[in-house]
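Here is a walk through one model, aimed at someone who likes to check side chains and backbone angles by eye. Open the viewer and follow along.

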Amino acid sequence: MFDSPWLTLLQEHRAIAVIRSPQMELGCHLAKAVAAGGMRLIEITWNSDRAGALIAQLRSELPECTIGTGTLLTCDQSKEAIAAGAQFLFTPHTEEAMIQTAVAAGIPIVPGALSPTEIVRGWQAGAGAVKVFPISAVGGAGYIKSLQGPLGDIPLIPTGGVTLDNAREFIEAGAVAVGLAGDLFPKQWVAARDWEAIAQRAHNLLQSLKRG
């Protein structure tokens with residue numbers, strides 16, 4: 001399946017930086033900051049300012065990174081994101097038509113799901129992994145661990161409540177990778193445009209995931 005290189009990327013890097021930016025220039029700075037910290041998987045949410053243009057720019061300026069998008073709600077948005085050069089797609093929900101659109105284009109898609117029924121449905125439809133979202137609402141790392149018995153063959157990526165403090169717990173519980181949004185980008189650092197501090201925070205995250 002096409003998702004084999006994608007799963008290799010997830011297993012190698014373990015963390016995805018999720019950037020939702022109201023200004024394209026800010027989104028570019030945030031992406032470059034986490035890339036400077038060593039992160040190689042970057043998601044620009046589709047509801048960011050000029051998301052398609054930002055994805056195209058980052059693919060050019062950060063060739064060492066894999067740049068994708070998320071918060072996709074419709075097949076049309078998926079097609080627009082693929083046309084813009086997104087290298088992976090995340091959705092907050094499971095819709096088989098969207099999964100089929102991505103599979104047909106050879107782009108890994110990670111649909112959002114919460115229950116075992118949704119997780120299995122998304123995986124069987126061709127997902128490259130399944131996003132368990134919002135993980136904070138269903139018990140955190142304990143929920144991921146409880147899914148390993150029946151669903152251990154399905155790669156899971158928890159988001160929505162993952163922080164630097166608990167990211168390693170999710171990996172140890174069996175998650176293939178984690179997605180972090182706000183906790184990577186403290187508001188005071190963003191306001192101060194302290195990109196070096198954000199880069200260091202990204203580096204610290206990666207180091208915590210590599211321990212042991």
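Arginine 14 is partly exposed, because its relative accessible area is 25%. In this predicted model, arginine 14 sits in the loop between H1 and S1, and its phi is near 70°, a positive value in a residue other than glycine. Arginine 50 also has a positive phi, near 50°, again in a residue other than glycine. You'll find arginine 50 in the loop between strand S2 (41–45) and H3. At 52% relative accessibility, arginine 50 counts as exposed, since the cut-off for that word is over 50%.

While you're looking at the backbone, where is the cis peptide bond with omega of about -5°? The cis bond joins phenylalanine 133 and proline 134. Proline 134 belongs to the loop between strand S7 (130–132) and helix H7 (141–151).

**Charged pairs**

Side chains of opposite charge can pair when their charged atoms come close. There are six salt bridges in the structure, and three of them are worth a visit here:

| Salt bridge | Closest N to O distance |
|---|---|
| Glutamate 25 and arginine 193 | 3.6 Å |
| Glutamate 61 and lysine 32 | 2.6 Å |
| Glutamate 172 and arginine 168 | 2.9 Å |

Take the pair of glutamate 25 and arginine 193, bridged at 3.6 Å. Why does this pair tie together parts that are 168 residues apart in sequence? Because glutamate 25 lies in helix H2, while arginine 193 is in the loop between helix H9 (187–191) and helix H10 (195–210). Glutamate 25 counts as exposed at 53% relative accessibility, whereas arginine 193 is partly exposed, at 42%.

Glutamate 61 and lysine 32 form a salt bridge too, with their closest N and O atoms 2.6 Å apart. Here the partners come from two helices, glutamate 61 from H3 (residues 51–61) and lysine 32 from H2, so the pair links parts that are 29 residues apart in sequence. Both ends are partly exposed: glutamate 61 has 37% relative accessibility and lysine 32 has 35%.

The bridge between glutamate 172 and arginine 168 stays inside one helix. Both residues lie in helix H8 (residues 167–172), four residues apart, which is about one turn of the helix. Glutamate 172 counts as exposed, at 57% relative accessibility.

**Nonpolar packing**

Now for the inside. Which residues touch the most other members of the largest nonpolar core? Val34, Met39, Ile42, Ile44, Ile119, Leu184 and Leu205 do, out of 63 residues in that core. Helix H2 (residues 24–36) gives the largest share of this core, with eight residues. Valine 34 is a handy one to click on: beyond its neighbours within four places in sequence, valine 34 is in contact with Ala17, Met39, Ile42, Leu184, Phe185, Ile198 and Ala202.

Apart from that core lies another one, of 13 residues, with Trp6, Leu7, Ala129 and Ala177 among them. Leucine 7 is found in helix H1 (residues 3–13). Leucine 7 and alanine 129 are 122 residues apart in sequence, yet their C-alpha atoms are 7.8 Å apart in space. If you skip the neighbours within four places in sequence, the contacts of leucine 7 are Gly128 and Pro155.

**Pockets**

The largest pocket has a volume of about 260 Å³. Its lining counts 18 residues, and the closest to the pocket centre are Val18, Phe133, Thr159, Gly160 and Ala181. Phe133 is a residue we met already, as a partner in the cis peptide bond. By class, the lining of the largest pocket divides into seven nonpolar, seven polar and four charged residues.

The second largest pocket holds about 150 Å³ of space. How many nonpolar, polar and charged residues does its lining have? The lining of the second largest pocket has eight nonpolar, two polar and two charged residues. Its lining residues include Val18, Arg20, Pro22, Leu26, Leu30, Ala181, Phe185 and Lys187. Strand S1 (15–19), H2 and H9 each supply at least two residues of this lining. Val18 and Ala181 appear in the lining of the largest pocket and in that of the second largest pocket, and Phe185 of the second lining is also one of the contacts of valine 34.

Key. Residues are numbered from 1 along each chain as its sequence is written. This is a predicted model: local features need pLDDT of at least 70, side-chain atom pairs count only at pLDDT 80 or more; totals for chains, interfaces and linings use all residues. Side-chain values use heavy atoms; hydrogens and water are left out. Contact means heavy atoms within 4.5 Å. A nonpolar core is a set of buried Ala, Val, Leu, Ile, Met, Phe, Trp, Tyr and Cys residues joined through side-chain atoms within 4.5 Å. Buried means under 20% relative accessible area, exposed over 50%, partly exposed in between (1.4 Å probe, protein chains only). A salt bridge is a side-chain nitrogen of Lys or Arg within 4 Å of a carboxyl oxygen of Asp or Glu. On a 1 Å grid over the protein atoms alone, a cavity is a set of points where a 1.4 Å probe fits but cannot get out, and a pocket is an open set with protein on both sides within 12 Å along at least five of seven lines; lining residues have an atom within 4 Å of a point. Grid points are joined across faces, edges and corners, and a volume is the space filled by probe spheres set on the points. Ala, Val, Leu, Ile, Met, Phe, Trp, Tyr, Cys and Pro count as nonpolar, Asp, Glu, Lys and Arg as charged, and the others, Gly among them, as polar.
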